Amino acid sequence: MSKLFVLNDPAVRELRESHPLLKNKALIGTGQFSGVFEGSRPDTVYKLSIDRASYIFHTSYLGKSDRTHFTKVIQDHGIVGRFKTSKNVVRTKLSNPRELDAPIYLYEVEKLHKIPVKTENKLLSMRITKDWRTFDFASDQQELFHRALDVSTQIQERPYMQGQDSVLEALLSISYFLGEYSDAFVDIHGANMMQRANGDFVFSDPIGDLFIYNSHYTFGSVNEITPEMFESIKSSLIG
Ligand SMILES: Nc1ncnc2c1ncn2[C@@H]1O[C@H](COP(=O)(O)OP(=O)(O)O)[C@@H](O)[C@H]1O
Ligand SMILES: [Mg+2]
């Protein structure tokens, strides 16, 4: 799947080379919305991202709530640039993304680690991923929120969740965010769960920005999306 945030785009290159915090920092991870760079210390990383929903979730929404299963923010550097999305996408009848002038956020967070195979955390991440795949997209945010709550409630009943109250709390916080923020989706899959050096299980990237996502993959706003379009978004997300 093509990346929404193109780290080699000339404007982003310029930012990476000129920003005092990013200059000479190695890129250590990428996703659809973000680049992750070496931080100011060996135990932190810089996140450069156009994912506004995820930025708000981590820097404001979680506030002082328990972060055992969420990434701890070290410092918020706010908006450091802008990025024009979908510039290089070929326009066809079926694909006509809107260009957005999206703010680029920079924040420093604790460094996390990939979950090793054949561990309890791996098993947990695989089971949660599988259960989230039953999630049906909805054509408005309130419906999305209620479905997320439904899935969390179903997960609560699973044998593997017994005794995992704090993980369940975290899943509920993720779901509640969908009721608070107008353009967010749950983005739970293998690469978005990580762990701390002490073994804590962490939802490292559980939220995605639906406004940015839709502008890239569809014609119009979330309200104009048909159930068929949501099915296709859903399968591209879990694919
Ligand atoms: N806190 C972190 N510490 C170390 N690596 C990270 C951290 N957060 C993310 N990464 C790595 O960077 C990749 C992209 O980050 P992610 O938060 O998933 O961004 P996106 O929103 O683009 O998917 C992840 O798949 C992971 O490999
Ligand atoms: Mg990710």
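How many bridges join E1 to E2, and do the two strands run parallel or antiparallel? Three bridges join them, and the strands run antiparallel. The model shown in every view below is predicted.

**Figure 1. The whole protein chain.** The protein chain holds seven helices and nine strands. Of its 239 residues, 35% count as buried. Take the contacts with a separation of 6 or more: residues 24 or more positions apart account for 62% of them.

**Figure 2. The E1–E2 hairpin.** A hairpin of three residues links E1 to E2. E1 covers residues 27–30, and E2 covers residues 34–38. The pairing is antiparallel, with three bridges. Within it, glycine 29 stands opposite valine 36 in E2. Glycine 29 also appears in the next view, as one of the closest residues to ligand 1.

**Figure 3. The shell around ligand 1.** Ligand 1 is surrounded by 19 residues. The closest are Gly29, Gly31, Phe33, Ser34 and Asp205. E1 and E2 each supply at least two residues of this shell. The largest share comes from E1, with three residues. By class, the shell has seven nonpolar, nine polar and three charged residues. Where does ligand 1 lie with respect to domain 1 and domain 2? Domain 1 (10–110) and domain 2 (120–238) both give residues to the shell, so ligand 1 lies between them.

**Figure 4. Serine 40 in the loop after E2.** Serine 40 sits in the loop between E2 and E3, a strand of residues 44–49. Is serine 40 exposed, partly exposed or buried? It has 13 C-beta neighbours inside 10 Å, so serine 40 counts as partly exposed. The exposed class stops at 12 such neighbours. Leucine 22 is 18 residues away along the chain. The C-alpha atoms of serine 40 and leucine 22 are 9.2 Å apart.

**Figure 5. E5 and its two partner strands.** E5 covers residues 101–110. E3 and E5 run antiparallel and are joined by six bridges. In this pair, valine 45 stands opposite valine 109 in E5. E4, residues 73–84, also runs antiparallel to E5. Eight bridges join E4 to E5. Here aspartate 76 faces tyrosine 107 of E5 across the pairing. In a regular strand, side chains alternate between the two faces of the sheet.

**Figure 6. The largest nonpolar core.** This core has 51 residues. Which residues have the most contacts inside it? They are Ile50 and Val186. E5 gives the most to the core, with six residues. Both domains take part: at least three residues come from each of domain 1 (10–110) and domain 2 (120–238).

**Figure 7. Contacts of valine 186.** Valine 186 is one of the two residues with the most contacts inside the largest nonpolar core. Neighbours within four places in sequence are left aside here. The remaining contacts of valine 186 are Trp132, Phe135, Ala148, Ile174, Leu178, Pro206 and Ile207.

**Figure 8. Asparagine 192 and its surroundings.** Asparagine 192 lies in the loop between E6 (184–186) and E7 (193–195). There are 19 other C-beta atoms within 10 Å, so asparagine 192 is partly exposed. Burial would need 20 or more. Which residues does asparagine 192 touch, not counting those up to four places away in sequence? They are Asp187, Phe203, Ser204, Asp205 and Pro206. Asparagine 192 and serine 204 are twelve residues apart along the chain, with their C-alpha atoms separated by 5.4 Å. Two of these contacts recur in other views. Asp205 is among the closest residues to ligand 1. Pro206 is also in contact with valine 186.

**Figure 9. Two loop residues with positive phi.** Asparagine 24 is not a glycine, yet its phi is positive, at about 65°. Asparagine 24 belongs to the loop between H1 (10–18) and E1. It has 8 C-beta neighbours inside 10 Å and therefore counts as exposed. Lysine 118 also has a positive phi, near 55°, and is a residue other than glycine. Lysine 118 lies in the loop between E5 and H3, a helix of residues 120–132. Why does lysine 118 count as exposed? Because lysine 118 has 6 C-beta neighbours inside 10 Å.

Key: Residues numbered from 1 in each chain as written. Chains lettered and ligands numbered in written order. Predicted model: local features only at pLDDT ≥ 70, side-chain atom pairs only at ≥ 80, totals over all residues. Near = placed C-beta within 6 Å. Helix = DSSP H or I, 4+ residues; strand = E, 2+ residues; numbered from the N terminus. Nonpolar A, V, L, I, M, F, W, Y, C, P; charged D, E, K, R; others polar. Domains from an automatic or database assignment. Core = buried A, V, L, I, M, F, W, Y, C linked by C-beta atoms within 7 Å. Contact = placed C-beta atoms within 7 Å. Pairing = 2+ DSSP bridges.
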